[in-house]
Amino acid sequence: MEPSGAANAVNAAPNAVRIAFMAATAEAQAEATKQAQRAGIEHARANGDGYRGRKPSYTREQLRIVQETPDGTAVSQIAKLTGLSRQTIYRIQGDPAGAEKALATWGL
């Protein structure tokens with residue numbers, strides 16, 4: 001015999017509460033992790049511990065090729081030539097000084 005609609009609703013309510021509680025707990029944990037990471041980065045920068053951020057996914061040679069490619073060249077063509085992703089090409093073209101700085105920071 002199948003439970004009635006009211007019985008299903010009674011059984012579903014505690015499950016919904018459990019799921020909502022687990023989601024809220026996971027969200028709070030993720031936010032706490034982000035705050036701890038920000039604090040660690042700020043501490044490293046303040047103490048001169050050399051926080052450098054993420055290592056660039058491109059080499060100096062790849063950067064040079066991207067920068068020397070004539071305007072109007074398709075990004076997908078540059079990506080094939082350099083072996084970089086299109087998004088990396090866009091990032092380099094959008095902030096060439098930042099791209100240079102990232103390589104210098106990592107000593108590349």
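**Reading a predicted model: a tutorial dialogue**

Colleague: Glu61 has a relative accessibility of 41% and counts as partly exposed. How is such a value to be read, and what kind of model is this?

Modeller: The model is predicted. The class of a residue follows from its relative accessible area: under 20% is buried, over 50% is exposed, and values in between are partly exposed. Glu61, at 41%, is therefore placed in the partly exposed class.

Colleague: Which residue does Glu61 meet in a salt bridge?

Modeller: The partner is Arg64, and the closest N and O atoms of the pair lie 2.3 Å apart. The general idea is that a side-chain nitrogen of Lys or Arg must lie within 4 Å of a carboxyl oxygen of Asp or Glu. Both residues belong to helix α2, and because they are three residues apart, about one helical turn separates them. Arg64 is partly exposed, with a relative accessible area of 34%.

Colleague: Which other residue forms a salt bridge with Arg64?

Modeller: Arg64 also meets Glu68, with an N to O distance of 2.5 Å. These two residues are four places apart in helix α2, so they too are separated by about one helical turn. Glu68 is exposed, at 55% relative accessible area. Glu61, Arg64 and Glu68 are thus to be read together, as a network of linked salt bridges.

Colleague: How many salt bridges does the structure hold?

Modeller: There are four. One of them joins the side chains of Arg38 and Glu31, at 3.9 Å from N to O. Arg38 is partly exposed, with 43% relative accessible area, and Glu31 is partly exposed as well, at 34%.

Colleague: I should now like to turn to the interior. Where do nonpolar side chains tend to be found in soluble globular proteins?

Modeller: As a general tendency, they are buried together. In this model, the largest nonpolar core has 11 residues: Tyr58, Leu63, Val66, Val75, Ile78, Ala79, Leu84, Ile89, Ile92, Ala99 and Leu103. Two or more core residues come from each of the elements α2, α3, α4 (86-94) and α5 (96-105). Helix α3 gives the largest share, three residues.

Colleague: Let us take one core residue, Leu103. Is Leu103 buried or exposed?

Modeller: Leu103 is buried, because its relative accessible area is 0%. Leu103 is found in helix α5. When neighbours within four places in sequence are left aside, Leu103 is in contact with Pro56, Tyr58, Thr59, Arg60, Leu63 and Leu108. Among these, Tyr58 and Leu63 are listed in the core together with Leu103.

Colleague: Polar residues may also be examined in this way. Is Gln62 buried or exposed, and where does the residue lie?

Modeller: Gln62 lies in helix α2 and counts as buried, because its relative accessibility is 17%. A polar atom of the Gln62 side chain is 2.8 Å from the backbone oxygen of Thr82. With residues up to four places away in sequence not counted, Gln62 touches Ser57, Thr82 and Leu84. Leu84 is also a member of the largest nonpolar core.

Colleague: And where does Thr69 lie?

Modeller: Thr69 is in the loop between α2 (60-68) and α3 (75-82). With a relative accessible area of 15%, Thr69 is buried. A polar atom of the Thr69 side chain lies 2.5 Å from the backbone oxygen of Ile65.

Colleague: Which residues form a nonpolar patch on the surface?

Modeller: Ile19, Phe21 and Met22 form such a patch, and their accessible area together is about 360 Å². Met22 is located in helix α1 (residues 5-46). Met22 is classed as exposed because its relative accessible area is 53%, above the 50% cut-off.

Colleague: How is a distance between two C-alpha atoms to be read beside a separation along the chain?

Modeller: One states both values for a pair. Ala39 and Val66 are 27 residues apart along the chain, and 35 Å separates their C-alpha atoms. Ala39 is in helix α1 and is partly exposed, at 45% relative accessibility, whereas Val66 is listed in the largest nonpolar core. For Leu103 and Thr88, the separation is 15 residues in sequence and 14 Å from C-alpha to C-alpha.

Note on methods: Residues are numbered from 1 along each chain as its sequence is written. This is a predicted model: local features need pLDDT of at least 70, side-chain atom pairs count only at pLDDT 80 or more; totals for chains, interfaces and linings use all residues. Side-chain values use heavy atoms; hydrogens and water are left out. Patches are made of residues with over 30% relative accessible area and no salt bridge: like charges are joined within 9 Å, nonpolar side chains (Val, Leu, Ile, Met, Phe, Trp, Tyr) within 5 Å. Accessible areas come from the Shrake-Rupley method with a 1.4 Å probe; for residues, only the protein chains shown count as cover. Buried means under 20% relative accessible area, exposed over 50%, partly exposed in between (1.4 Å probe, protein chains only). A polar contact is a pair of N or O atoms within 3.5 Å; within protein, one must be able to donate a hydrogen and the other to accept it, and residues adjacent in sequence count only if both atoms are side-chain atoms. A nonpolar core is a set of buried Ala, Val, Leu, Ile, Met, Phe, Trp, Tyr and Cys residues joined through side-chain atoms within 4.5 Å. Contact means heavy atoms within 4.5 Å.
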